[in-house]
Amino acid sequence: MLEDYRIRIHQLTKTTDVSNFDCGIPELNEYLQHDAYRNQTEWLSVTKVMFLDGNLVGYFTITPDTLHKGRIDISDKLNDYPYQKYPAVKLARLAVDKSYQHRGFGKALMREFFYTAHQIAKIEGSRFIKSYFLFRLAFDFCNCNFIAILYKFFGSAVRTHQSI
């Protein structure tokens, strides 16, 4: 299991070697290798990388976002909310290197994402988690109980939204 490994997760830095990362999806490889650090220095997103015994295992990118209140189910809306958009945290990307796939590392990255999203929600407020195609891919890949993890970190006040 994962507890037997020496795992380290930290924010991407200029000196982080990502050159050999290959998750099998060229767009996700190229983002990490060419765009992630630049986007981070421009305050557009934050990328966290996971290492196992010094080897790059995977990463995720988180960014602030909004969700238009017209796209939200009536049961999730706040009465008398005066703004057109709700604050959200977006899982922009998540990938695990091919040599580490199907071993639980995707699930560990998702847990770190939820922890990070929770910290953001406590500081600036975020009612929703938002993502696109990666949302379904990540949970299919992780085979994790999404609702249980969300409630563990956020409680019932935070909802999810999929834009698939």
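Start by selecting Y59: with a relative accessible area of 0%, Y59 is buried (buried means under 20% relative accessible area, exposed over 50%, and partly exposed in between, with a 1.4 Å probe and protein chains only). You're looking at a predicted model, where local features need pLDDT of at least 70 and side-chain atom pairs count only at pLDDT 80 or more, while totals for chains, interfaces and linings use all residues. Residues are numbered from 1 along each chain as its sequence is written, and side-chain values use heavy atoms, with hydrogens and water left out.

Now add Y31, which counts as buried at 4% relative accessibility. Rings of Phe, Tyr and Trp (its six-membered ring) pair if their centres lie within 6.5 Å; planes under 30 degrees apart are stacked, over 60 edge-to-face, and the rest tilted. That rule gives eight aromatic pairs. Y31 and Y59 are a stacked pair, because their ring centres are 6.5 Å apart and their planes are at 20°. This pair ties together distant parts of the chain, with Y31 in helix α1 and Y59 in strand β3 (residues 55-68), 28 residues apart. Helices (H or I, at least four residues) and strands (E, at least two) are DSSP runs numbered from the N terminus.

Keep Y31 on screen and show R93. The charged end of R93 sits over the ring of Y31, 3.8 Å from its centre; the test is NZ of Lys or CZ of Arg within 6 Å of the ring centre and within 35 degrees of the ring normal. For another example, go to R8, which lies over the face of F51 at 5.6 Å from the ring centre.

Next, select α1, residues 26-41. How far apart are its end C-alpha atoms? They are 23 Å apart, which agrees with the 22 Å that 16 residues should span at 1.5 Å a residue (the expected span is 1.5 Å times one less than the number of residues). Look at D35, where α1 bends by about 55°; the bend is the angle between axes fitted to the seven residues ending there and the seven starting there. Colour the buried residues of α1: L28, N29, Y31, L32, A36, N39 and Q40. Just past the helix comes W43, with a positive phi near 60°.

Time for another ring group. Y81, Y83, Y86 and F128 are linked into a cluster by ring pairs.

- Which of these is in a loop? Y83 is, between β3 and β4.
- Y83 counts as exposed, at 51% relative accessibility.
- Measure from Y83 to H68: they are 15 residues apart in sequence and 9.0 Å apart in space, C-alpha to C-alpha.
- Y86 and F128 are both buried.

Zoom out to the whole protein chain. There are four helices and six strands, in the order β-α-β-β-β-α-β-α-α-β along the sequence. Of the 164 residues, 46% count as buried.

Finally, colour by pLDDT, the predictor's confidence in each residue, from 0 to 100. The protein chain averages 81, and 77% of the residues score at least 70. Then select residues 137-164: pLDDT stays under 50 there, and the model has 60 contacts beyond four places in sequence for them (contact means heavy atoms within 4.5 Å). Where pLDDT is low, the predicted coordinates should not be read in detail.
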